[in-house]
Amino acid sequence: MEIQNQYYMDHAATTPLSKEVLNAMMPYLTVEYGNASTIYMPGQRARHAIDESRRTIAAALSAKPSEIYFTSGGSESDNWALIGAAEAGEKKLRQNAVDALKTSEEIEKIHGHIITDQIEHHAILNTCAYLEERGFNVTYLPVDREGHVDPEAVKEAIRPDTLLVSIMTANNEIGTIEPIQEIGRLLKGYEAETGQRILFHTDAVQAFGHIPLKVSELGVDLMSASAHKLNGPKGVGFLFVRQDIQLPSFVHGGAQERGHRAGTENVAGIVGFAKATEVAMRDMTLRINTEISVRDHMIQRILNEIPDTLLHGDSHKRLPNNINILFEHIEGETLLLLLNEKGVYASAGSACSSGSLDPSHVLLALGDSTEDAAGSIRFTIGQETTIEDADVVIDILKPLVAYLRAC
Ligand SMILES: *Cc1c(COP(=O)(O)O)cnc(C)c1O
């Protein structure tokens with residue numbers, strides 16, 4: 001049987017583990033198996049490896065090592081940020097109500113308000129839905145045709161009981177980079193004016209290691225990231241928590257992560273995450289330039305050579321690796337299956353919604369019709385994707401689109 005070439009075009013779903021990362025992890029998967037909570041030498045070596053990793057990741061964000069908490073990934077970090085901020089905020093609102101001599105009946109009705117947007121990852125949206133069930137109010141801000149959240153709309157949505165704003169750094173389906181710095185500045189200004197402290201969280205899972213991010217410049221209090229989106233291992237992430245914030249613990253048990261996230265540390269995963277971060281920071285400029293040239297080449301060729309196509313998202317304020325195209329009059333799922341047969345692996349909408357026939361909530365929020373959303377394909381490239389790969393993929397894609405449209 002002929003072995004066909006494979007073209008992995010789904011780096012937003014996950015990325016391959018890099019050799020450098022695997023090599024860094026290997027000792028902690030084999031000989032260095034000590035538990036970092038023990039006082040003998042192997043345990044202390046594991047402790048040291050975790051401390052070093054925390055320093056590497058903090059430095060990449062211009063954060064303090066004590067502001068980084070390791071988790072099991074992006075989903076856990078998002079859950080912790082939202083549920084933790086909501087619970088802490090609710091407690092404060094209720095304490096104020098007690099001080100104002102409200103009745104216990106009135107106090108029980110107090111929960112709090114959260115502002116997010118319609119194109120967040122399900123790790124955010126479904127956590128918000130859970131909080132709504134518990135009585136919290138959530139505002140889901142709309143986005144414009146290219147997927148931008150309007151900072152002014154964030155400001156207008158603020159209520160006296162608003163506890164938290166959560167807006168993603170960059171969208172996983174369409175690649176649009178959100179105006180995080182502007183929103184951070186606006187929330188700071190609002191606090192200076194009114195004294196109301198509103199926490200600001202960003203899901204940076206698609207952005208961390210891909211574009212430069214400094215927590216102080218962005219003005220965020222909480223940030224989520226995940227190793228497997230930057231050539232690190234699956235099952236490890238972090239939550240950045242600004243040092244002046246008291247976030248309640250999320251996983252209860254032992255004293256790991258300074259008593260905030262119990263569980264024997266995933267030492268190999270943490271070391272791998274730090275290595276992936278180090279490599280991402282070291283190679284960032286080169287990777288951004290390479291990816292943007294491949295990305296824009298693909299976008300231009302598709303738009304020029306395949307009729308009735310349209311680019312989703314912002315063409316400039318966009319992740320370097322994201323290409324999301326609306327192919328009119330086709331079924332994206334069918335196109336994906338045909339591409340799969342040719343060894344081209346891409347995605348229709350997000351990885352979580354593919355497999356189900358629900359149109360992408362992100363594309364609907366942009367204003368796509370159900371049909372247009374269903375005809376959209378996301379290609380996300382990696383640092384190893386070349387112009388030649390892109391050309392092969394487009395040469396495979398063109399006749400398939402023509403074939404489906406003729407059916
Ligand atoms: C992948 C992803 C997540 C989930 O991260 P996991 O580590 O897979 O749990 C959350 N948010 C965004 C934007 C993502 O792309």
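The largest cavity in this predicted model is lined by 19 residues. H210, L230, N231, R287 and Q383 lie nearest its centre. The space enclosed amounts to about 130 Å³. Two helices, α9 (267–282) and α10 (284–305), each supply at least two residues of this lining. The top contributor is α9, which provides three residues. By class, the lining of the largest cavity comprises nine polar, six nonpolar and four charged residues. In total, three cavities of 30 Å³ or more were counted.

The ligand site was examined next. The ligand has 13 residues around it. Of these, S75, D203, Q206, S226 and K229 come nearest. Three polar contacts involve residues from this group of five. The side chain of S75 places a polar atom 2.7 Å from an oxygen atom of the ligand. In D203, a side-chain N or O atom lies 2.7 Å from a nitrogen atom of the ligand. For K229, a polar side-chain atom is found 2.8 Å from a ligand oxygen atom. On its own, the ligand has 380 Å² of accessible area, and the protein covers 86% of this.

Helix α3 (residues 74–99) accounts for the largest share of the shell around the ligand, with three residues. Eight residues of the shell are polar, three are charged and two are nonpolar.

Open pockets were treated separately from cavities. The largest pocket has a volume of about 400 Å³. Its lining consists of 16 residues. A88, G89, K92, R197 and L199 are those nearest the centre of the largest pocket. Two elements, α3 and β5 (162–166), give two or more residues to this lining. Helix α3 gives the most, with six residues. Thus α3 leads in the lining of the largest pocket and also in the shell around the ligand. The lining of the largest pocket divides into eight nonpolar, five polar and three charged residues.

The second largest pocket has a volume of about 340 Å³. It is lined by 14 residues. Nearest its centre lie I177, E178, P179, I180 and E182. The elements giving two or more residues to this lining are α7 (180–194) and α8 (215–218). Helix α7 gives the most, with three residues. Seven residues of the lining of the second largest pocket are nonpolar, four are charged and three are polar.

One loop residue was also considered. T176 sits in the loop between β5 and α7. The residue is buried, because its relative accessible area is 0%, and buried means under 20%. The side chain of T176 reaches the backbone oxygen of E146 at a distance of 2.7 Å.

The two elements that flank this loop, β5 and α7, also appear in the pocket linings. Strand β5 is one of the elements that give two or more residues to the lining of the largest pocket. Helix α7 gives the most to the lining of the second largest pocket.

Note on methods: Residues are numbered from 1 along each chain as its sequence is written. This is a predicted model: local features need pLDDT of at least 70, side-chain atom pairs count only at pLDDT 80 or more; totals for chains, interfaces and linings use all residues. Side-chain values use heavy atoms; hydrogens and water are left out. On a 1 Å grid over the protein atoms alone, a cavity is a set of points where a 1.4 Å probe fits but cannot get out, and a pocket is an open set with protein on both sides within 12 Å along at least five of seven lines; lining residues have an atom within 4 Å of a point. Grid points are joined across faces, edges and corners, and a volume is the space filled by probe spheres set on the points. Helices (H or I, at least four residues) and strands (E, at least two) are DSSP runs, numbered from the N terminus. Ala, Val, Leu, Ile, Met, Phe, Trp, Tyr, Cys and Pro count as nonpolar, Asp, Glu, Lys and Arg as charged, and the others, Gly among them, as polar. A residue is near a molecule or strand if one of its heavy atoms lies within 4 Å of it. A polar contact is a pair of N or O atoms within 3.5 Å; within protein, one must be able to donate a hydrogen and the other to accept it, and residues adjacent in sequence count only if both atoms are side-chain atoms. Accessible areas come from the Shrake-Rupley method with a 1.4 Å probe; for residues, only the protein chains shown count as cover. Buried means under 20% relative accessible area, exposed over 50%, partly exposed in between (1.4 Å probe, protein chains only).
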